[in-house]
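Thanks for sharing this one. Here are a few notes to read alongside the structure.

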Amino acid sequence: MCGIAAFYGSNASLTTYKLLIELQHRGQESVGISIIRPDGIRNVVRPGYVVSAISPGEVCSLTSNLAIGHVRYSTTGEYMGRLGAQPVLIGDGGKQISLAFNGNIMNYLELSKEFLGVKPSSDSEVLAKLIFKFTEDLGDAVEAVRKVGVLVKGSYSLAVMTSEPRLIIARDPYGFKPLAYAAGDGFVAAASETASIESLKLGEWKEVMPGTIISYDGKSLEEVRSTVSNTFTPCVFEYVYFSRPDSIFNGVQVHEARVRMGIYLGNLDNEVVDVVIPVPDSGRSAALGYSMSRKVAINEGLMRNRYVGRSFIMPPTMRDFFADTKYGVVKSVICGKKVAVVDDSLIRGTTMRKIVRLLRDGGVGKVYVRIASPPVRYPCFMGIDFPSRRELIASKTYDISLITKAIEADSLLYNTVEGLKQSVGLPSLCLACYTGVYPFADVNVDCLEKTFSRL
Ligand code: SF4
């Protein structure tokens with residue numbers, strides 16, 4: 001899962017930079033911006049957060065009327081390394097493309113073997129090289145993106161810059177990942193999330209429809225449909241955790257979906273509690289809904305260190321280290337109380353165990369852990385970094401009492417799959433990590449675990 005941004009118009013580099021700042025929650029490992037100059041495409045790719053890796057002053061010096069950008073959360077390849085960092089720049093001289101991509105290509109090794117004949121370092125490299133190759137073969141980058149869409153098995157939302165110059169944005173036919181754009185007099189802006197686009201105050205925006213390719217050459221905007229028709233299966237984890245609450249994904253306000261998850265969860269619960277506390281910030285919207293349905297006051301019992309990023313998307317060694325320093329306890333709120341601690345999801349269980357221990361050290365009476373989504377029991381190969389069942393606490397056992405014991409809570413309650421579906425309210429969703437039913441016909445979980453596992 002990553003964030004992508006693009007802008008075609010005046011001040012493209014600075015505008016893309018602003019879009020990326022608003023997408024920082026989607027990737028913390030590296031940031032990159034590609035710009036176009038008379039002598040070709042130039043790439044600036046660095047490890048770290050957007051504003052610490054590239055200063056606003058440096059961005060202002062990258063004058064261009066077309067830019068694409070990327071913040072990386074790796075799901076394959078190296079953590080924090082240059083390999084896999086994006087945008088990926090291919091070609092030289094007057095024939096170049098640059099790609100910023102959010103998603104995961106399950107069959108990238110096979111595609112590389114069949115069409116490129118090289119051992120690739122990442123799925124993004126394969127995607128970029130295929131688009132470049134097919135652009136050469138077909139003489140048109142839009143047709144190249146369309147052809148790639150037929151061949152890949154996986155998820156993608158992408159932005160491509162060509163040296164024509166042209167900007168192409170596309171969303172896969174399943175609609176796994178979000179992508180939105182705004183177009184006006186002489187400009188097109190695109191970003192992974194609507195909240196990022198809205199920050200530019202450009203007026204009306206649209207979500208890119210699944211299976212749609214949009215192309216802009218500075219004069220005319222063209223929209224092309226993919227030849228692949230598939231069931232619409234957006235990633236439900238965008239609603240559970242990934243997207244910003246102020247974003248809209250497939251017409252659903254993410255905050256409202258999370259509040260409904262909390263309401264549904266609260267309706268399943270009959271434990272007597274004194275106070276509801278959210279795990280900040282990921283559990284905040286669901287905790288509000290839970291508090292509303294239980295008619296129990298919500299309060300801030302946990303404080304999050306604002307200078308520590310999202311631990312879920314950190315590499316494992318950093319995740320454990322920062323989970324220790326990330327939270328503090330407001331003792332006056334929790335001391336001697338029966339506390340319902342609400343979070344969006346429980347993946348590995350390590351962070352929640354640390355939180356429960358913190359609350360006990362702070363003098364809590366009882367700790368009831370409440371999770372706004374169902375148990376994650378199956379790996380994801382479509383862009384979220386839990387590609388192995390070994391990482392998932394709920395994959396190891398179906399006995400909730402054992403999970404409760406592992407996280408050292410007094411009780412544990414999950415939402416149900418039905419509760420999650422109703423809360424989002426769309427007719428179809430990808431729920432594979434909860435149900436084991438993948439949107440693709442022939443998913444060999446054992447084989448894919450070997451390909452993508454980084455344990
Ligand atoms: S398996 Fe889960 S995390 Fe992966 S795309 Fe489907 S819903 Fe999202």
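**Notes on the model**

1. Asp343 is buried (under 20% relative accessible area, 1.4 Å probe, protein chains only) but has no salt bridge; that term needs a side-chain nitrogen of Lys or Arg within 4 Å of a carboxyl oxygen of Asp or Glu. The nearest side chain of opposite charge is Lys326, 8.1 Å away; Lys and Arg count as positive, Asp and Glu as negative, and His and the chain ends are not counted.

2. A word on provenance: this is a predicted model, where local features need pLDDT of at least 70 and side-chain atom pairs pLDDT 80 or more, while totals for chains, interfaces and linings use all residues. Residues are numbered from 1 along each chain as its sequence is written, and side-chain values use heavy atoms, without hydrogens and water.

3. What does the side chain of Asp343 make a polar contact with? Its partner is the side chain of Ser282, at 2.7 Å; such a contact is a pair of N or O atoms within 3.5 Å, where within protein one must be able to donate a hydrogen and the other to accept it, and residues adjacent in sequence count only if both atoms are side-chain atoms. Not counting residues up to four places away in sequence, Asp343 also touches others (heavy atoms within 4.5 Å), including Met352, Arg370 and Ile371.

4. Ser423 belongs to helix H16, residues 417-424 (a DSSP run of H or I, at least four residues; strands are E, at least two; both numbered from the N terminus). Ser423 is buried, at 2% relative accessible area.

How values were computed. Buried means under 20% relative accessible area, exposed over 50%, partly exposed in between (1.4 Å probe, protein chains only).
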